[in-house]
Amino acid sequence: MGETHTARRRRLAALVAARDADAVLVTRLVNVRYLTGLDSSRAALLVPAEGPAVLATDARYAGTAERVCPELPIVVDRLVSEALTARAAADGHRRLGFEAHDLTVEHHATLAEKAEVELTPLGHPVEELRMVKDEEEIALLREACAITDRAFAAVLPEIRAGVTERAVAIALERAMVDSGAERPAFESIVASGPNGAVPHHRPGGRELQPGDLVTMDFGALYDGYHADMTRTVAIGEPAGWQRDVYDLVHRAQLAGIGAALPGAETKAVDAAARDVIKDAGHGDAFGHGLGHGVGLEIHEAPLMGYDKTGKLMDRVPITAEPGVYLTGRGGVRIEDTLVVRPGGPELLTTTTKDLLVL
Ligand code: ZN
Ligand code: ZN
C-alpha cells in the first residue's frame, strides 16, 4: 500500500497549496491512518505543500511505523503535534494548517504559544479526499460486507421466538468474527416488536415473540473498513400492516438506491426515498437521513438528508437506510452498503430483501 499512501499524500499536498498554506498538521488518527497506513492511538503527520511528509509517533508504535511506512522519516516523540510543529518551523514553513475539528482549544493554545509558525484552520481536506474511495478501499469494503452477509445467513436459524435480542446480537457478532471480521464495526442493534420503533434501540433481555418484526442493524470491520447492513424479519406470519410497512420501506429503499448516481444531489437521493414514504402518509415516521458515507469510519461524508448539500460521485460508498417507526407498534428499516458507479450502484451487501418469515 506504500504507493497508494504516497498518492494520497500527493493529493493532500495539492489541497494544502490550493489553500495557501505551507504545510498541514494532520492530527486525526483515522486521517493519519488513511495517509500512512499506520493504525495507532498516538501519531500525527506533517504534509507540506512541497517536499516529503514527516510522521511522528511514540515509542510504542515506532517499530510498526518503520515497517508500515518505510518511505517516511519518523520522529519518535510522545508529544507528536508539538514535535511536528517545531519541525515545520525548522523546515521554514510559515503558515501551518491544522484540523480544527480535531485539535482541542486547549491543545491549540499550547501549540500556538510555542509555535514559530502561524496556525491556520484548513477545513476538512483529508475527509474530502477520503470520500471518493480507490479500488483497494472498495475491495476491503466489499469483503467487510461479504462477511456481514455470511454472518446473517449463519445466524438466521437461531432467530426465533424465545431468544432474546441480546442473544441475537451476540450471535451475529460472533458469526462475523468467525467469518473473518476484525470485530463488529459498531454496536449491533437488535430491536424486536415495539422496540423496533426506536431506530437505535440497544438490544436487551426482551424475548422475540410470534408476531414481532425484528430489526437487526450490524456490520463487520475488515482491515479498518466498516460494513453496515440492516434487515427486518418477521417472527411468524406478519399482520397486514406489518407487510404493508415492510413493502413501503422496501420500495423507498429501491427508489433511493436508484437515484444514487454520480452527479446526483445528496438531497435529491434522500428525497427519492423519502417521497415514497411521505406519499404513503408515513413521512413523520421516517425521522432520520437516508444514509451516510462509509469507509474507515462507520459514519463519514457524505451525509444524505439532514439538510446537507453536496453531490455524489463515482466510487463513493454510501448506505441507503430508510425506516418507518411506529411508536408502540414497531418498525422496519432496510439498509444496504453500496458504491456509486456510473452505470448504477454496486450493492456490497447482498442479503435478500424479501421479507423473511421465520
Ligand atoms: Zn446501520
Ligand atoms: Zn448506517
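In this predicted model, strands β1 (residues 23–26) and β5 (residues 95–98) run parallel and pair over 3 bridges. Along that pairing, V24 faces G97 of β5.

Two helices pack on the sheet, and here is how they sit:

| Helix | Strands touched | Angle with β2 direction |
|---|---|---|
| α1 (residues 2–18) | β1 and β2 (43–48) | about 60° |
| α2 (residues 29–36) | β1, β2 and β3 (54–57) | about 60° |

Stepping back to the whole sheet, you get 6 strands in an open arrangement, ordered β4-β3-β2-β1-β5-β6, and the pairing is mixed. At the edges are β4 (74–76) and β6 (118–121), each with pairing on one side only. Going from one strand to the next, the twist averages 25°.

Now for the metals. The zinc ion (ligand 2) takes its protein donors from D228 (OD), H292 (NE2), E321 (OE) and E335 (OE), at 2.0 to 2.2 Å. Along the sequence, these donor residues follow the spacing D-x63-H-x28-E-x13-E. What is the geometry of the site? It's irregular: the angles among the 4 donor atoms run from 79 to 153°, and a tetrahedral call would need all of them between 85 and 135 degrees.

There's a second zinc ion in the picture, ligand 1, sitting 3.1 Å from ligand 2, with D228 coordinating both. D228 is in the loop between β11 (225–226) and β12 (229–234), while E321 is in the loop between β15 (317–320) and β16 (323–326), so this pair ties together parts 93 residues apart in sequence. Are D228 and E321 buried or exposed? Both are buried.

Technical notes. Residues numbered from 1 in each chain as written. Chains lettered and ligands numbered in written order. Predicted model: local features only at pLDDT ≥ 70, side-chain atom pairs only at ≥ 80, totals over all residues. Heavy atoms only, no water. Donors = N, O, S within 2.8 Å, 3.2 Å for Na, K, Ca; no water. Tetrahedral: all angles 85-135°; square planar, octahedral: opposite > 155°, others 65-115°. Helix = DSSP H or I, 4+ residues; strand = E, 2+ residues; numbered from the N terminus. Buried < 20%, exposed > 50% of the residue type's maximum accessible area, 1.4 Å probe, protein only. Pairing = 2+ DSSP bridges. Axes fitted to C-alpha atoms, helices over the stretch in contact; angles between N-to-C directions. Contact = heavy atoms within 4.5 Å.
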